[in-house]
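Here are some notes for a colleague who has the sequence and the model to hand. They take up the domains, the two ligands and a few residues in turn.

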Amino acid sequence: MARAKIALIGAGMIGGTLAHIAAREELGDVILFDIAEGTPQGKALDIAEASAVFGKDVALKGANDYADIAGADVCIVTAGVPRKPGMSRDDLLGINLKVMKAVGEGIKAHAPNAFVICITNPLDAMVWALQQFSGLPKEKVIGMAGVLDSARFAYFLAEATGVSVEDIHAWTLGGHGDDMVPMVRHSTVGGLPLPELVKQGWLTQEKLDAIVERTRKGGGEIVALLKTGSAFYAPAESAIAMATSYLKDKKRVLPCATYLTGQYGLKDLYVGVPVVIGAGGAEKIVEFETNDAEKAMFAKSVESVQGLMEACKAIDSSLV
Ligand SMILES: NC(=O)c1ccc[n+]([C@@H]2O[C@H](COP(=O)([O-])OP(=O)(O)OC[C@H]3O[C@@H](n4cnc5c(N)ncnc54)[C@H](O)[C@@H]3O)[C@@H](O)[C@H]2O)c1
Ligand SMILES: O=C(O)C[C@H](O)C(=O)O
């Protein structure tokens, strides 16, 4: 069977890390595409040389021409700019929307059968615009954020409880902003829902509240430390988990920005929800039971996403 072809659109910090992980995991042959000349070629060659040390057989190529992504099975999009300290993700909207238009047209022309994972911020609005610019089916275009947000939530819970990250299942819902919704009642440590964990004295309510707040602001915490850009290791791992579930038809349930068609009482927008990812793309959305407080937090987060969609429409009238 031929090897899968993975096109990475954007060869910056996340793009390079994605290429490295994809090669080490022998997930498929990798095309690293970027507008910067030399960067994708240099990173592809560097990782290809490393493959002789880690002993995996994959081809890597750098490209500045969309023709090179032809026939890609998966496209992971990180093209655009990241934020710096003092900025919000929303400040990136104007510049990254233009990038999404160019990328969407490139994918439409050369890789119309791909499963597309968007990472570029502000995530929920960018994946919505990218789907329209590419014209690909909505179930084949998805956004990465929830896997990252819930990984942060899980890591902070592991640190606080001393339990292995492997035995923690954390969930977040909503847009990829500071008003995202860490799902306290649905997240578990060793099978125990978090409120039960507090009842049993594993951690205090104050500590749990602080973890929820830290999760919401997790991206900004890294930006403040790095100063020159944003997180890239955990975001790359998160997108690889999504790509792997698609390529291997694993049908993992992962929180992703997914197009809603009535689920959670919403339609015609992308927002973070748990979804089964398999060979069909975003195959089935899992609907959590939510109480009034969770509904209100989710509604606030959705409102922020809708505000960004309106801002995109004001810039590009082709978006509907
Ligand atoms: N969704 C998430 O959870 C999440 C997590 C981390 C970062 N991000 C976002 O991902 C994006 C990329 O982050 P990064 O750290 O890799 O940034 P980076 O600056 O290191 O890389 C971005 C790359 O995009 C390239 N680029 C710019 N315009 C392009 C175009 N028109 N076509 C092709 N390539 C183009 C640049 O040359 C650069 O190499 C940012 O918008 C960041 O905010 C999202
Ligand atoms: O915070 C950012 O700007 C990058 C990304 O969205 C993150 O959550 O790490």
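1. Helices and strands are here DSSP runs numbered from the N terminus, with at least four residues for a helix and at least two for a strand. In those terms, H176 belongs to the loop that links strand 8 (172–173) to strand 9 (181–182). The model is a predicted one, and this should be kept in mind throughout the points below.

2. On the overall division, the protein falls into domain 1, covering 5–143, and domain 2, covering 146–311. The C-alpha centres of these two domains are 22 Å apart, and the contact between them involves 36 residues of domain 1 and 44 residues of domain 2.

3. Which residue does UniProt list for "active site"? The unreviewed entry gives H176 under that heading, and the annotation may be inferred rather than shown by experiment. In the model, H176 counts as buried because its relative accessibility is 10%, the cut-off for buried being under 20%. Leaving out residues up to four places away in sequence, H176 touches R89, N121, L123, D124, A145, L148 and D149.

4. H176 is also one of the residues that surround ligand 2, and the others are R83, R89, N121, L148, R152, G219, S230 and A231. Three side chains from this group can be described through their distances to oxygen atoms of the ligand. A polar side-chain atom of R83 lies 2.5 Å from an oxygen atom of ligand 2, while for N121 the corresponding distance from a polar side-chain atom to a ligand oxygen is 2.8 Å. For R152, an N or O atom in the side chain is 2.7 Å from an oxygen atom of ligand 2. Of the 260 Å² of accessible area that ligand 2 has on its own, the protein covers 95%.

5. Turning to ligand 1, there are 26 residues around it, and those that come nearest are M13, D34, V81, I119 and M144. The backbone takes part in the surroundings of this ligand, since a backbone N or O atom of M13 is placed 2.8 Å from an oxygen atom of ligand 1, and a backbone N or O atom of G80 is placed 3.3 Å from an oxygen atom of ligand 1. From N96, by contrast, it is a polar side-chain atom that lies 3.4 Å from an oxygen atom of ligand 1. The protein covers 87% of the 860 Å² of accessible area that ligand 1 has on its own.

6. Is N96 buried or exposed? With a relative accessibility of 0%, N96 counts as buried, and its place is in helix 3, which comprises residues 93–110. Apart from neighbours within four places in sequence, N96 is in contact with G80, V81, T120, N121 and M126. Among these contacts, G80 has a backbone N or O atom at 3.3 Å from an oxygen atom of ligand 1, and N121 is among the residues surrounding ligand 2.

7. A last residue to inspect is V181, which is found in strand 9. V181 is buried, with a relative accessible area of 1%. Its contacts, not counting residues up to four places away in sequence, are with W171, T172, L173, M297, F298 and S301. Between V181 and L8 the separation is 173 residues in sequence and 29 Å in space, taken from C-alpha to C-alpha.

Note on methods
Residues are numbered from 1 along each chain as its sequence is written. Chains are lettered from A and ligands numbered from 1 in the order in which they are written. This is a predicted model: local features need pLDDT of at least 70, side-chain atom pairs count only at pLDDT 80 or more; totals for chains, interfaces and linings use all residues. Side-chain values use heavy atoms; hydrogens and water are left out. Buried means under 20% relative accessible area, exposed over 50%, partly exposed in between (1.4 Å probe, protein chains only). Contact means heavy atoms within 4.5 Å. A residue is near a molecule or strand if one of its heavy atoms lies within 4 Å of it. A polar contact is a pair of N or O atoms within 3.5 Å; within protein, one must be able to donate a hydrogen and the other to accept it, and residues adjacent in sequence count only if both atoms are side-chain atoms. Accessible areas come from the Shrake-Rupley method with a 1.4 Å probe; for residues, only the protein chains shown count as cover. Domain bounds come from an automatic or database domain assignment.
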